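Trainee: I'd like to take a close look at a single part of this model. Could you walk me through one strand and its surroundings?

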Amino acid sequence: FREQPIFSTRAHVFQIDPNTKKNWVPTSKHAVTVSYFYDSTRNVYRIISLDGSKAIINSTITPNMTFTKTSQKFGQWADSRANTVYGLGFSSEHHLSKFAEKFQEFKEAARIAKEKSHEKMELTSTPSQESAGGDIQSPLTPESINGTDDERAMPEVTQNSEPRAEPTQNALPFTHSSTISKHWEAELATLKGNNAKLTAALLESTANVKQWKQQLAAYQEEAERLHKRVAELKCVSSQANAVHTHKTELNQTIQELESTLKKKEEEIEGLKQEIENARELQAQRDSLTQKLQEVEIRNKDLEGQLSDLEQRLEKSQNEQEAFHNNLKTLLEILDGKIFELTELQDNLAKLTECS
């Protein structure tokens with residue numbers, strides 16, 4: 001093959017939204033392999049990444065490109081030929097630094113190759129003649145071949161013409177990306193504080209997720225190492241039979257590792273779903289707690305009203321009892337007066353009879 005991988009790593013791949021030029025759009029659902037390729041025939045370095053059979057990155061490194069670290073685990077570069085900005089999210093700061101070092105190294109190599117090409121053109125006083133019909137015999141799928149002949153005819157574009165990553169109305173793209181990163185870090189800290197209040201089962205699930213992520217990273221590194229070993233064995237023609245047997249064993253091992261990785265990823269997805277369910281239960285519990293507090297406050301208000309009504313009822317009963325007592329007294333007085341009138345009537349009747 002004309003092109004061979006010279007450095008590989010794994011990262012989440014993003015591209016700038018072509019419509020808004022502000023937001024990042026993920027082009028891979030999970031971390032994929034991102035590799036530097038070198039074409040010894042054309043003396044060209046490319047960054048290529050595949051998601052299945054689809055090429056999600058196909059960027060030729062030019063001397064005017066710049067790879068910028070926008071956070072501890074995120075970096076980006078602009079490709080004016082592809083008219084886009086690529087972003088990579090790494091699992092650690094070490095992987096980001098290693099990728100940035102390789103980018104700078106291959107960028108410098110591309111600059112030197114370009115200068116040598118110009119010197120050769122000046123010496124021969126003839127334009128560079130390359131085969132117009134020779135397609136790139138890349139070890140990748142045809143979809144990964146992006147403008148190889150066009151690149152030879154296209155002039156170099158200055159970095160000022162590169163599209164911005166995450167532009168805003170009044171801020172630079174990298175500053176905006178850093179602000180978004182800080183915002184999400186703050187959100188992450190808030191979520192961690194809320195997760196601390198979950199049940200013991202949730203904590204155990206989180207611990208299992210971390211353990212399986214470590215195992216997943218180990219399996220990924222092992223798979224990458226085995227892929228590199230297979231590539232090295234392809235170059236040894238004198239031991240073709242042994243290499244073929246070894247390659248078969250390695251492929252079986254890779255398939256087993258990939259099967260294990262798939263199972264672990266499914267387990268991680270299940271645990272993530274459990275975490276989401278636990279968060280929903282936590283939210284429901286918080287809502288019920290708030291409603292309970294409101295009911296308690298309402299209950300206190302009703303208790304106060306009941307106490308006031310009891311006091312008013314007691315006062316009314318006291319007033320009614322006093323009224324009954326007064327009425328009873330008046331009735332007794334009235335009975336006495338009626339008795340006196342009856343006696344007076346009897347006396348008058350007697351006087352009348354006597355007269």
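Mentor: Let's go through strand S7, its neighbours and the turn that follows. Before that, some ground rules: this is a predicted model, where local features need pLDDT of at least 70 and side-chain atom pairs count only at pLDDT 80 or more, while totals for chains, interfaces and linings use all residues. Residues are numbered from 1 along each chain as its sequence is written, and side-chain values use heavy atoms, with hydrogens and water left out.

S7 covers residues 74–79. A strand here is a DSSP run of E with at least two residues, while a helix is a run of H or I with at least four, and both are numbered from the N terminus. So how well hidden is S7? Of its 6 residues, 6 are buried, so the strand is largely enclosed by the rest of the structure. "Buried" means under 20% relative accessible area, "exposed" means over 50%, and "partly exposed" is in between, using a 1.4 Å probe and protein chains only. Check the two faces and you'll see that both are covered. Phe74, Gln76 and Ala78 are buried on one side, and Gly75, Trp77 and Asp79 are buried on the other.

Now for the neighbours. Two strands count as paired if DSSP finds at least two bridges between them. Strand S6, residues 68–69, pairs with S7 in the antiparallel sense over 2 bridges. One contact to look up is lysine 69, whose bridge partner in S7 is glycine 75. S6 and S7 form a hairpin, with 4 residues between them.

Then there's strand S8, residues 84–89, which runs antiparallel to S7 and is joined to it by 6 bridges. Here you can pick out phenylalanine 74, whose bridge partner in S8 is glycine 89. S7 and S8 also form a hairpin with 4 residues between them.

Take a moment over that second turn. Asparagine 83 sits in the loop between S7 and S8, and its phi is positive, about 55 degrees, although it is not a glycine. Most residues other than glycine have a negative phi. You can find another such case at lysine 21, also not a glycine, with a positive phi near 55 degrees. Lysine 21 is in the loop between strand S1 (3–16) and strand S2 (24–26). Its relative accessible area is 24%, so lysine 21 counts as partly exposed.
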